[in-house]
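Thanks for coming. I will go through one structure this morning, mostly how its helices pack, with a few side chains along the way.

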Amino acid sequence: MIQVDLKGQNAVVTGATRGIGFGIAKALSAAGAAVACIGTNAEKLSKSVDEINAAGGSAKAYICDVSKSDQVEAVSKQILEDFGGKVDILVNNAGITKDTLVRVMTDEQWDDVIAVNLRGPFLMTRAFVSAMRKKKYGRIINISSISGLIGNRGQANYSASKAGVIGFTRTVSKELANRNITVNSIAPGFIETDMTAVLDPVIVTEMKNRIPVGRFGSPDDIANAVLYFASPDSSFVTGQVIAIDGGMIM
Ligand code: NAP
């Protein structure tokens, strides 16, 4: 992993139960940050947090559905209380897919994906931004997708949510820049997690052929970019979106 010193900093990572979010939480912890790990599956989240702590980190589990206003409000209050009112880094990573062609997409499939992937980052950002403004410091990192940049057949809901995350990132970056709070977005390509484990093997081979580096990425590939955006040294970088996709959409 790239070397960044985050000792004394507190981070919140949504969707830290597994996959990319767990990779991000481990990386922030290894860099010295205390990490509040958010997810909905209590058993799996607790296993992930135990693994971080067993490696010498300082992580705590918080159960919260990021699409629910009342839950986000309650969990953010609890985290701020537990972390002495100081949250330096917020990573909005939790996300879901409900893929199908637009002509047969149900209202629920549309609403559910927009709620977790777009409303979630809005609710979480709103919940922590006052604490960051007070300290005149913050790093907000929103996980989008290359699907939000170029679209993807069968993902009208997901692609719209991830494009929304980019617009949200750019606007909030403008609102918070004068408080030393940066807001950036990462658009992963195909990364090996539960989300891509369900893909048809034929599609996997087809996709790998379209990735110039010839492989799917790992959660560490995304975590390295998060470390950069989370670092105090990236203070002049805000409102950006970086595709981490093995060169796929170049
Ligand atoms: P994943 O393996 O399916 O994990 C999703 C994570 O989100 C889990 O930790 C899950 O925790 C959490 N989550 C889901 N719904 C939630 C909710 N309502 N409230 C709180 N947490 C919730 O997915 P991933 O591949 O790691 O993806 C992570 C992020 O990267 C997502 O935003 C995804 O869209 C994006 N991304 C992934 C890829 C890829 O190829 N994998 C590509 C581009 C973008 P629980 O199980 O505890 O709910």
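Serine 48 is a residue of helix H2, which covers residues 42-54. This is a predicted model, and what I show comes from its coordinates. Is serine 48 buried or exposed? With a relative accessible area of 8%, serine 48 is buried, since the cut-off for that is under 20%. Leaving aside residues up to four places away in sequence, serine 48 touches Ala16, Thr17 and Phe22.

On to helix packing. Two packed helices are described by the angle between their axes and by the distance between those axes. I have three pairs.

The first pair is helix H1, residues 19-30, with helix H9, residues 219-230. Their axes are 8 Å apart and the packing angle is about 50°. That makes H1 oblique to H9. The crossing of H1 past H9 is right-handed. Which residues of H1 and H9 make the contact? From H1 there are Gly19, Ile20, Gly23, Ile24, Ala27 and Leu28. H9 supplies Pro219, Ile222, Ala223, Val226, Leu227 and Ala230. By class, the contact of H1 with H9 has 10 nonpolar residues, 2 polar and no charged.

While we are at that end of the sequence, a word on aromatics. How many aromatic pairs does a search of the whole structure find? The search gives 2. In the pair of tyrosine 228 and phenylalanine 229, the ring centres are 5.5 Å apart and the planes stand at 55°, so this pair is tilted. The accessibility of each partner is also available. Tyrosine 228 is partly exposed, at a relative accessible area of 40%, whereas phenylalanine 229 is buried, at 4%.

Second pair: helix H3, residues 69-82, with H4. Here the angle is about 35° and the axes are 10 Å apart. H3 and H4 cross in a right-handed sense. On the H3 side the contact uses Ser69, Val72, Ser76, Ile79 and Leu80. On the H4 side it uses Arg119, Leu123, Met124, Arg126, Ala127, Phe128 and Ala131. The contact of H3 with H4 divides into 8 nonpolar, 2 polar and 2 charged residues.

Third pair: H4 again, residues 107-135, now with helix H6, residues 156-176. The angle is about 15°, with the axes 8 Å apart. Angles under 35 degrees count as roughly parallel, and H4 and H6 are therefore roughly parallel to each other. H4 passes H6 with right-handed geometry. Among the H4 residues in the contact are Trp110, Ile114, Leu118, Phe122 and Arg133. Among those from H6 are Tyr158, Lys162, Val165, Phe168 and Glu175. The totals for the contact of H4 with H6 are 14 nonpolar, 6 polar and 3 charged.

Last item, backbone. Most residues other than glycine have a negative phi. Two residues here are worth listing against that. Lysine 136, in the loop between H4 and strand E5, has a positive phi, near 55°. Asparagine 180 has a phi near 65°, also a positive value in a residue other than glycine. Where does asparagine 180 lie? Asparagine 180 is in the loop between H6 and strand E6, which spans 181-188. Its relative accessible area is 34%, so asparagine 180 is partly exposed.

That is the end of my list.

Methods:
Residues are numbered from 1 along each chain as its sequence is written. This is a predicted model: local features need pLDDT of at least 70, side-chain atom pairs count only at pLDDT 80 or more; totals for chains, interfaces and linings use all residues. Side-chain values use heavy atoms; hydrogens and water are left out. Axes are lines fitted to C-alpha atoms, for helices over the stretch in contact, and angles run from 0 to 180 degrees between N-to-C directions. Helices (H or I, at least four residues) and strands (E, at least two) are DSSP runs, numbered from the N terminus. Angles under 35 degrees count as roughly parallel, over 145 as roughly antiparallel, 65 to 115 as roughly perpendicular and the rest as oblique. A crossing is left-handed if the near helix is turned anticlockwise from the far one by less than a right angle, and right-handed if clockwise. Contact means heavy atoms within 4.5 Å. Ala, Val, Leu, Ile, Met, Phe, Trp, Tyr, Cys and Pro count as nonpolar, Asp, Glu, Lys and Arg as charged, and the others, Gly among them, as polar. Rings of Phe, Tyr and Trp (its six-membered ring) pair if their centres lie within 6.5 Å; planes under 30 degrees apart count as stacked, over 60 as edge-to-face and the rest as tilted. Buried means under 20% relative accessible area, exposed over 50%, partly exposed in between (1.4 Å probe, protein chains only).
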